[in-house]
Amino acid sequence: MRWEFATAQRIIFGPGTVSELTALAPAFGNHALVVTGANPDRAKQHLGALEAAGVACRYLSVRGEPTIDLVREGAQAARYASFVIGFGGGSAIDAAKAIAAVAPNSGEPLDYLEVIGLARPLENNPLPFIAVPTTAGTGAEVTRNAVLGSAELAVKASIRSPLMLAKLAVIDPDLTLDVPAGITASTGLDTLTQLIESFVSIRANPFTDLYCLDGLGGAVRALPAVYSNGADRAARADMAFASLLSGLALANAGLGVIHGFAAPLGGLLNAPHGALCAAVLPHGTAMNIRALRARASTHPALDKYRRIAALLTGNSEARPEDAATALATLSNALNIRPLRAHGLTAAQIPLVVEKAAAASSMKANPLVLTPHELTAILDCAL
Ligand SMILES: [Zn+2]
């Protein structure tokens, strides 16, 4: 067996670590493009000292999830920047990562996008990129892809390159303390989905398995705690760590059917990525287990689902199927809404199934699901 592992050049984790940026960022140059969520105020508050340290900051806000047009515009704005900081949730970080990648290259975003673009490799190194997540989360601070939406094609796809890994990721769990309960639930279930899908992925390796098992244990304990009490600092730190672990795992092991669906659903519906993953998670898990039992009963993923079930239920005798049941119970407890609440209709299901089958995440699912099985997942998640 051969495997490899790649991640951000430097990772700093811990409460209060955001203040270390003032000392660390000037090493990357004296002009920063700072990409934030809809409200740049908090980034300005934390990065204000950078100006005094001699770094001129220009701010770009991202409303909703990043689009091809936004990255094109951001790459123009980054022409005079020496580096890019992504300060915010997964959307701000992915936007910053894509802008840093496209800015020093001659093409436009579609030239480098998978699935809907030309998937050309980057010819030049990206601008140095610093990631500061404020949700837990997508783990996007340590992944090598940026997910962009295309309004015209109603689908999401990635720019992906090992060159896109952050030079520095600063994960300060205290930045997540004021995330509202609904976003805490959907981003936390995205973390859980990523840990589960990377663990059972056909590209999982012994190194990513360690991250998944530790992250799953932490997320299962901490997610209900941060949902009921957002000010629980220890539980927020556990979720920030689980999110980091999920990013480390997925960047090296890939994902599966649930993220395969999240790509076309995210393009079609105006709903956050985590909310869509959360709605599909119990049903995609149940179908994978059923298909493994029917067609690949000795597949190692089945034993991994058994271990996931044991972690989720606290019962060492749990069966793989208990994982799906426990995930449905958790989604209910966290008030996750079905896909129809985000606007999906039964008539749209065949198109979503067709696009999901071609999504890059689907390639790492433990086995190939039939169109009939994919349809059944969405019927249940609707
Ligand atoms: Zn995700």
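Biologist: At what angle does helix H3 run to S3?
Modeller: This is a predicted model: local features need pLDDT of at least 70, side-chain atom pairs count only at pLDDT 80 or more, and totals for chains, interfaces and linings use all residues. Residues are numbered from 1 along each chain as its sequence is written, and side-chain values use heavy atoms, leaving out hydrogens and water. Helix H3 (residues 68-77) lies across S2 and S3; helices (H or I, at least four residues) and strands (E, at least two) are DSSP runs numbered from the N terminus. Between N-to-C directions of axes fitted to C-alpha atoms (for helices, over the stretch in contact; range 0 to 180 degrees), H3 makes with S3 an angle of about 170°.

Biologist: And which strands does helix H4 touch?
Modeller: Helix H4 (residues 90-102) packs on the sheet, pointing at about 170° to S4. Counting contact as heavy atoms within 4.5 Å, H4 touches S2, S3, S4 and S5.

Biologist: Which strands stand at the edges of the sheet?
Modeller: Happy to walk you through it! The open sheet has six strands in the order S1-S8-S5-S4-S2-S3, with parallel pairing (pairing needs at least two DSSP bridges). Each edge strand has a single partner, so one side lacks a neighbour in the sheet; these are S1 (11-13) and S3 (56-61).

Biologist: Which residue is the bridge partner of Val34 in S4?
Modeller: S2 (residues 31-36) and S4 (residues 83-88) pair in the parallel sense over five bridges. In S4, Val34 is partnered by Ile85.

Biologist: Which residues of H14 does H9 meet?
Modeller: The axes of H9 (residues 257-268) and H14 (residues 371-381) come within 12 Å, crossing at roughly 70°. From H9, Val257, Phe261 and Leu265 meet Leu374, Ile377 and Leu378.
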